[in-house]
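Thanks for coming, everyone. Please take a moment with the sequence and the model on the screen. Then I'll walk you through it.

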Amino acid sequence: MLRGLFSCLILIIVLSSSCRKDFEYNASNGNLRFSKDTVFLNTVFSDIGSSTYVLKVYNTTHDDIEIPIVSLGKGDNSNYRLNVDGVAGKTFKNVPLYAKDSLFVFIETTISPSNDSEKSFLDIEVINFDSGDHQQQIPLVTLVKNATFLYPNQEIQPVDLELNLEEEKITSEGFILQDNQLHFTNEKAYVIYGYAIVPDGKELTVDPGTRVHFHNNSGILIRKNASVKINGLLSEDMNILENQIIFEGDRLESIFSDIPAQWNGMYFEKGSINNTINYLTLKNAITGLKIEGDETINEKTLTIKNSQIYNNSAHNLWAKTASINAENTVLGSSGSSSLYCSLGGDYSFTHCTIANYWNKGFRLNEALKIDNFNEEEQANLINAEFTNSIIDGNTTDELLLESNQTNTFNFSFSHCLIKQNSVSENALYNFQNQSFYSNILLNESADFIDVSQNNFGLQNTSILNAKATISTANLIPLDIQGKARLTSPEIGAYEIIEEE
């Protein structure tokens, strides 16, 4: 009995579905509506597939209709791919669309440049709905960036690094940059897969305006006795930064513009010296710069100027027993310390902004952390000198000093803003001690323009106006944006720009 009822039920379903297919459809009459009048597929690199974009097609009439043809304008030669209601292809015939219903069209593209010398170009296509008098079209527009791709294709070098908050090993594949790859120009963007390794005795040079994009678990590794020269210049347009050098992830969609941990960062091995960075923006990595210094500290490990490093999931700059000179440098928000000077070293930071307003979850550690020991090692902090600089953030205390009371621990802050609300009996935090602190603004508001966007320029109301020491400011006469600071200079990397 039950088996008979079940058989009848199956028969009814089959017959009803068959009847549905027999319904008469009216032909499309050109009255389709669309969720977009143009589909912009954001920016993609040449030969790299895009994300998937969605177009909805609406039948607003009371009649079931059939669209005779849905097709790409260039047909089988098109760089685009469609999926119409679950079916993939480039041309579709007799597509049904019920009354007051809609269908989804999914769109992807992979585009190869026709001219390898082109820096970027627009690729334009259309989706045709129907033909003749009833044809409707939706344009597809993609900006394509031509790129040089660097990746491990032979003699793969394993790379094991400590970059994350727990100091756990991160393993990746690396490859040695050949002599003809050690000069990055601004002719095309670079896309790096794995670790690009600057080998012992070699130097990587990066020209003004160069854009370097890194795939997941990728970065640059500078070996012992190797170095980098990142030679950015001041830009005329502070929005497009045409002369600035930019290091970031390889996802170009706007939703990835402020997502951290898209790539690993730059790692300087112990013994890499005389590195220089000027006008670099580095963002969205795990640790932006990790620098292993030589314990002898006879030569500078790194000189960095006019640069901004922010939105990295661990540290922006993590130095171990290194020797660093920094000017006009912004170390913005990060998941741990913006600047971590670990295991001693020799540091000078002048007109720098160290400000951590991390808003992507719980943050570990203060904006600025300095120590001269860890569980296994200890070393001398020869000097950590901060002048005309900002140490700020969105937690109660943004300065952490940890000395083992045995090794040298020399530091000083002069004409700096420091956020440190907790009262401590530790002599290192005696802000009345002129040997450590002179002309300090304690727990004042910097009045940044927009910390949520890592814009640490100063508003006109900032208390930092004209609070820097002039003698030091005159040694660095221009701020990070090229504004003169010869008279009444501000603390930090930015001078106040007066409203017109």
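Start with the side chains of Arg-223 and Glu-269: they meet in a salt bridge, at 2.5 Å from N to O. Arg-223 sits in the loop between strand 20 and strand 21, and Glu-269 in the loop between strand 23 and strand 24, so this pair ties together parts that are 46 residues apart in sequence. Keep in mind that this is a predicted model. How exposed are the two partners? Arg-223 is partly exposed, with a relative accessible area of 22%. Glu-269 is partly exposed too, at 21%.

A word on the chemistry. Side chains of opposite charge can pair when their charged atoms come close. In this model, the count of salt bridges comes to nine.

Here is another one of them. Asp-179 and Lys-202 meet through their side chains in a salt bridge, with 3.2 Å from N to O. Where are they in the chain? Asp-179 is in the loop between strand 14 (169-176) and strand 15 (183-184). Lys-202 is in the loop between strand 17 (195-198) and strand 18 (203-206). The two are 23 residues apart, and the pair links distant parts of the chain. Asp-179 is exposed, with a relative accessible area of 56%. Lys-202 is partly exposed, at 33%.

One more salt bridge. The side chains of Glu-327 and Lys-305 meet at 4.0 Å, N to O. This pair also links distant parts of the chain: Glu-327 is in strand 29, Lys-305 is in strand 27, and 22 residues separate them. Lys-305 is partly exposed, with a relative accessible area of 32%.

Now to the inside. The largest nonpolar core has 64 residues. Which of them touch the most other members? Phe-247 and Leu-289 do. Which strand gives the most to this core? Strand 29, residues 317-327, with five residues. That is the strand that holds Glu-327.

Look at Leu-289 for a moment. Set aside its neighbours within four places in sequence. Its contacts then include Met-266, Phe-268, Ile-277 and Leu-282. Leu-302, Ile-304 and Ile-309 are also among them. So are Asn-316, Leu-317 and Trp-318.

There is a second, separate core, with 28 residues. Among its members are Tyr-53, Leu-97, Leu-103 and Ile-138.

On to the sheets. One open sheet has eleven strands, in the order 12-16-19-22-25-28-30-32-35-38-40, and the pairing is parallel. Which strands stand at the edges? Strand 12 (147-150) and strand 40 (441-442). Each has a single partner strand, so one side of each is left without a neighbour in the sheet.

Let's zoom in on one pairing there. Strand 22 (residues 245-249) and strand 25 (residues 280-283) pair in the parallel sense over three bridges. One detail: Ile-245 has Leu-280 of strand 25 as its bridge partner.

The next sheet is antiparallel. Five strands make an open sheet in the order 2-4-9-6-7. Its edge strands are strand 2 (33-34) and strand 7 (87-89), and each pairs on one side only. How many bridges join strand 4 and strand 9? Six, in the antiparallel sense. Within strand 9, it is Phe-106 that stands opposite Val-54.

Those two residues turn up again on the surface. Val-54, Phe-104 and Phe-106 make a nonpolar surface patch of about 210 Å². Phe-106 lies in strand 9, residues 102-109. Phe-106 is partly exposed, with a relative accessible area of 30%.

Last topic: backbone angles. Asp-47 has a phi near 70 degrees, a positive value in a residue other than glycine. Where is Asp-47? In the loop between strand 3 (39-45) and strand 4 (53-58). Asp-47 is partly exposed, with a relative accessible area of 43%.

His-415 also has a positive phi without being glycine, and its value is near 50 degrees. His-415 lies in the loop between strand 37 (409-414) and strand 38 (417-418). Is His-415 buried or exposed? At 17% relative accessibility, His-415 counts as buried, because the cut-off for buried is under 20%.

That's my tour. I'm happy to take questions.

Note on methods: Residues are numbered from 1 along each chain as its sequence is written. This is a predicted model: local features need pLDDT of at least 70, side-chain atom pairs count only at pLDDT 80 or more; totals for chains, interfaces and linings use all residues. Side-chain values use heavy atoms; hydrogens and water are left out. Patches are made of residues with over 30% relative accessible area and no salt bridge: like charges are joined within 9 Å, nonpolar side chains (Val, Leu, Ile, Met, Phe, Trp, Tyr) within 5 Å. Accessible areas come from the Shrake-Rupley method with a 1.4 Å probe; for residues, only the protein chains shown count as cover. Helices (H or I, at least four residues) and strands (E, at least two) are DSSP runs, numbered from the N terminus. Buried means under 20% relative accessible area, exposed over 50%, partly exposed in between (1.4 Å probe, protein chains only). A nonpolar core is a set of buried Ala, Val, Leu, Ile, Met, Phe, Trp, Tyr and Cys residues joined through side-chain atoms within 4.5 Å. Contact means heavy atoms within 4.5 Å. Two strands pair if DSSP finds at least two bridges between them.
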